[in-house]
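Hi,

Here is the structure I promised to pass on to you. Have a look at it first, and then read on for what turned up.

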Amino acid sequence: MHKVTLIPGDGIGPSISEVAVEVIKAAGVKVDWDRVEAGLPAIDKYKDPLPEHVLESIRKNLVALKGPLTTPVGSGFRSVNVALRKEFDLYVNLRPARSFIGVNTRYENVDLVIVRENTEEFYAGIEHYIDPARSAAETIGVVTRSGSERIIKYAYEYARKHHRKKVTTVHKANILKYTGGLFLEVARQIGATYPDVKTEDKIIDNMAMQMVLNPHQFDVIVTTNLFGDILSDLASGLVGGLGLAPGANIGYNAAIFEAVHGSAPDIAGKNIANPSAIILAGVMMLRHLNEDAAADRIEKAVEEVLKEGKSVTRDLNPANPVGTREMGEAIIAKLR
Ligand code: NAD
C-alpha cells in the first residue's frame, strides 16, 4: 500500500484527478490517498491557500499527485504551485512531450523532454513596485551556480539513463549576460564531462522558432525557470495540446506529479477536460514508486484509447467527443 497525498486542485482539477485515481485503482495499485485541499478551496475552508496540514501530509508521504491550482493574475495570493516547489526544494520540473498515434498534429514522432529549473530566477518571488505610486516595478531573477549545476547534471544523467542522444541548453546569455551567462557557462562545463551525450546550446528566441519548424532535432532540453515554463506549453502544442502533457516536480526527497496545464477556468465544470495529462502524470508517479508494470499498462491503455479516437474529449475530437468521465471509463475498460 502506497501512501500518497492527493491535492485535487480547483477548476477542472477535481474532475480530472478523480479520473486519475480511478485509473490507478483499476490498474491494481493499492494507494492510500490522503486528500487535502490547497489553493482557492483551502482559502474558502481555512483562509489559507497552503495550510500547514497539506505540507505535513507531503512531508510524511513524500509523494503527491496534484490537480491544477488557480493563481490570481497580477495581484492576490502568490502561486501555491511555486510555494510547494520551493518548500520541498523540487528543483527539477520534468516535462516530457511525445506524439501519440491517432492524435492529429503537425508532426509525427515528436519525443522531447524538457528539464526545467524549478526554484530560481524569476519565480523566486523577489519583486516589488519601486514606489507607492507604482510608477515602476522590479522582478529580480537570481540564478546560482549550485542551482544551475544540479539541474544541468540532472538533465545529463537523465539523458544517459534513458539512452537519449543530445542535451540542448536554452538561454538568453547574449542579453542576460550574468544570469544567462552563468547558466550557459555551467552547462558547457558539465556538458564536457558527458562525452557520450551530444551537447549544444541555443538562444531562446531561435529555440522557439526551431521547435516549431523542426522539433525532431531536439531530445532533452534543459533551461531556466521562465523559458522552461513557456517551452513546455509550446512542446505540448506540438503533440496535441495541454490535455496530453504530464509533468513531475522532483527534489532530493519529495516529488509532486501534475499536468503541465492549469485549472482551465474556461472549461471547468463542463465534463469536457481531457484527463490524459494527469493520468500520464500518474504514470510518472507510479514509475517513481517502482510500480513499473502498472505504469506501463496505464500508458498502453491511454495509447489505445487515443489511437482509436472514439472515446476522446473535445480537444482531440471536436466533431464527436466524449466527456472527461467517459474518456476515463474507456481507459479503465482497456485495463480490465
Ligand atoms: P490553462 O493551462 O489552465 O489553460 C490553457 C488552455 O488550455 C485553455 O484554453 C484550457 O481550456 C486548455 N486546457 C488546459 N487543460 C486542458 C485539458 N486537460 N483538456 C482540455 N483543454 C485544456 O492555462 P491558463 O488559462 O493560462 O491558466 C488558468 C489558471 O491555471 C491560472 O490561474 C494559472 O495560474 C493556473 N496554472 C496552474 C498550473 C498548475 O497548477 N501547475 C499550471 C499552469 C497554470
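Helices α1 and α9 sit oblique to each other, because the angle between them falls in neither the parallel, the antiparallel nor the perpendicular range. Before going further, please keep in mind that this is a predicted model.

To put values on that helix pair: α1 covers residues 13–26 and α9 covers residues 276–288, and they pack at an angle of about 45° with their axes 9 Å apart. Their crossing is right-handed. On the α1 side, the contact is made by Ile 16, Ser 17, Val 19, Ala 20, Val 23 and Ile 24. From α9 come Ile 278, Ile 279, Gly 282, Met 285 and Leu 286. Sorted by class, this contact has nine nonpolar and two polar residues, and no charged ones.

The other topic is aromatic rings. How many aromatic pairs does the count come to? The count comes to two. One of them is formed by Tyr 91 and Tyr 252, whose rings are 4.9 Å apart centre to centre, with 35° between the planes, a tilted pair. Tyr 91 lies in the loop between α4 (80–87) and β4 (92–98), while Tyr 252 lies in the loop between β11 (246–250) and β12 (255–259), so the pair ties together parts that are 161 residues apart in sequence.

Is each partner buried or exposed? Tyr 91 has a relative accessible area of 8%, so Tyr 91 is buried. Tyr 252, with a relative accessible area of 54%, is exposed.

Enjoy exploring, and best wishes!

Conventions:
Residues are numbered from 1 along each chain as its sequence is written. This is a predicted model: local features need pLDDT of at least 70, side-chain atom pairs count only at pLDDT 80 or more; totals for chains, interfaces and linings use all residues. Side-chain values use heavy atoms; hydrogens and water are left out. Axes are lines fitted to C-alpha atoms, for helices over the stretch in contact, and angles run from 0 to 180 degrees between N-to-C directions. Helices (H or I, at least four residues) and strands (E, at least two) are DSSP runs, numbered from the N terminus. Angles under 35 degrees count as roughly parallel, over 145 as roughly antiparallel, 65 to 115 as roughly perpendicular and the rest as oblique. A crossing is left-handed if the near helix is turned anticlockwise from the far one by less than a right angle, and right-handed if clockwise. Contact means heavy atoms within 4.5 Å. Ala, Val, Leu, Ile, Met, Phe, Trp, Tyr, Cys and Pro count as nonpolar, Asp, Glu, Lys and Arg as charged, and the others, Gly among them, as polar. Rings of Phe, Tyr and Trp (its six-membered ring) pair if their centres lie within 6.5 Å; planes under 30 degrees apart count as stacked, over 60 as edge-to-face and the rest as tilted. Buried means under 20% relative accessible area, exposed over 50%, partly exposed in between (1.4 Å probe, protein chains only).
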